[in-house]
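Here are some short exercises to work through with the model open beside you. Try each task before reading its solution.

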Amino acid sequence: MSQGPTTWMWAQACELLEQAERLHRRFFQVHRLVASRPAWEPPVDVIETSDAINITAVLPGVPPDTIDVAIAEDMLVISGRRTLNITSDTTVIHRLEIPYGRFERRIKLPPWRLRPGEPIYANGCLTISLFKSD
């Protein structure tokens, strides 16, 4: 602290930012895992309205026909694979921050009767509406 509190605070802030970036990179590493285990989970929004629960999963670059959506017991399961398309043997990867490989996201559902609507895929996001039954 001989340099003053401002210098010390900046040093602490920079150290925390570096630590956060290391954790972020580690979380999104390309994993070579057994095919049955997911390598990453897409982020989701879960929003309830008076007549439905709307779930949006962020899946940029994932073709819609490769996404599986299922309801298993009290869970909505969104799964699939995001592939890394490298077309040349001389390709050099400088940075990979977007997750690749098998993904799976499980969202616990409330104990109500829900009727799934047709999934909508737009702008890299999959939206699923689960309508409340009367």
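A residue is called buried when its relative accessible area is under 20%, exposed when that value is over 50%, and partly exposed in between. Keep those cut-offs handy, and keep in mind that this is a predicted model.

**Exercise 1. Get your bearings: work out which elements the chain contains and in what order they run.**

Solution.
- Step 1: count the elements, and you get one helix and eight strands.
- Step 2: read from the N terminus, and the order is α-β-β-β-β-β-β-β-β.
- Step 3: look at how the chain folds back on itself. Of the contacts between residues at least 6 apart in sequence, 57% join residues at least 24 apart.
- Step 4: check the surface. About 10000 Å² is exposed, with carbon and sulfur atoms supplying 54% of that, while 25% of the 134 residues count as buried.

**Exercise 2. Find out how confident the predictor is, and where pLDDT stays under 50.**

Solution.
- Step 1: take the whole chain. The average pLDDT is 85, and 87% of the residues score at least 70.
- Step 2: look for the weak stretch. Over residues 30–34 the pLDDT stays under 50.
- Step 3: see what that stretch touches. The model gives residues 30–34 six contacts beyond four places in sequence.

**Exercise 3. Locate the largest nonpolar core and say which strands feed it.**

Solution.
- Step 1: size it up. The largest nonpolar core holds 18 residues.
- Step 2: pick out the members with the most contacts inside it, which are Ile55, Leu59, Ile67, Leu76, Ile78 and Phe103.
- Step 3: trace the strands. At least two core residues come from each of strand 2 (52–58), strand 4, strand 5 and strand 8 (125–132).
- Step 4: zoom in on one member. Leaving out residues up to four places away in sequence, Ile78 touches ten others by name: Ala57, Leu59, Ile67, Asp68, Phe103, Glu104, Arg105, Ile107, Leu126 and Ile128.

**Exercise 4. Compare two leucines, Leu84 and Leu114: is each one buried or partly exposed?**

Solution.
- Step 1: place Leu84. You'll find it in the loop between strand 4 (75–82) and strand 5 (101–108).
- Step 2: apply the cut-offs. Leu84 has 34% relative accessibility, so it counts as partly exposed.
- Step 3: check its company. Leu84 joins Ile86, Ile93 and Leu96 in a nonpolar surface patch with about 300 Å² of accessible area together.
- Step 4: place Leu114, which sits in strand 6 (residues 114–116).
- Step 5: apply the cut-offs again. The relative accessible area of Leu114 is 19%, so this residue is buried.
- Step 6: list what Leu114 touches beyond four places in sequence: Ile53, Leu109, Leu130, Phe131, Lys132 and Ser133.

**Exercise 5. Follow the salt bridges: which residues pair up, and how exposed are the partners of Lys108, Arg95 and Arg106?**

Solution.
- Step 1: note the total, which is five salt bridges.
- Step 2: start with Lys108 and Asp74, whose closest N and O atoms are 2.4 Å apart. This pair ties together distant parts of the chain, 34 residues apart: Lys108 is in strand 5, and Asp74 is in the loop between strand 3 (68–72) and strand 4. Lys108 is exposed at 58%, whereas Asp74 is partly exposed at 33%.
- Step 3: move on to Arg95 and Glu97, which meet at 2.7 Å, N to O. Arg95 has 59% relative accessibility, so it counts as exposed. Glu97, at 35%, counts as partly exposed.
- Step 4: finish with Arg106 and Glu104, where the closest N and O atoms are 3.0 Å apart. Shared partners in salt bridges join Arg102, Glu104 and Arg106 into one network. Arg106 is partly exposed at 46%, but Glu104 is buried at 16%.

**Exercise 6. Check the backbone: what is phi for Glu73 and for Asn123?**

Solution.
- Step 1: recall the usual case. Most residues other than glycine have a negative phi.
- Step 2: read the value for Glu73, which is near 55° and so positive in a residue other than glycine. Glu73 belongs to the loop between strand 3 and strand 4, and is exposed at 81%.
- Step 3: do it again for Asn123. Phi is near 55° here too, a positive value. Asn123 lies in the loop between strand 7 (120–122) and strand 8, with a relative accessible area of 81%, so it is exposed.

Note on methods. Residues numbered from 1 in each chain as written. Predicted model: local features only at pLDDT ≥ 70, side-chain atom pairs only at ≥ 80, totals over all residues. Heavy atoms only, no water. Patch = residues over 30% accessible without salt bridge, like charges linked within 9 Å, V, L, I, M, F, W, Y side chains within 5 Å. Areas by Shrake-Rupley, 256 points an atom, 1.4 Å probe, with all protein chains shown as cover. Salt bridge = Lys/Arg side-chain N within 4 Å of Asp/Glu carboxyl O. Helix = DSSP H or I, 4+ residues; strand = E, 2+ residues; numbered from the N terminus. Buried < 20%, exposed > 50% of the residue type's maximum accessible area, 1.4 Å probe, protein only. Contact = heavy atoms within 4.5 Å. pLDDT = per-residue confidence, 0-100. Core = buried A, V, L, I, M, F, W, Y, C linked by side-chain atoms within 4.5 Å.
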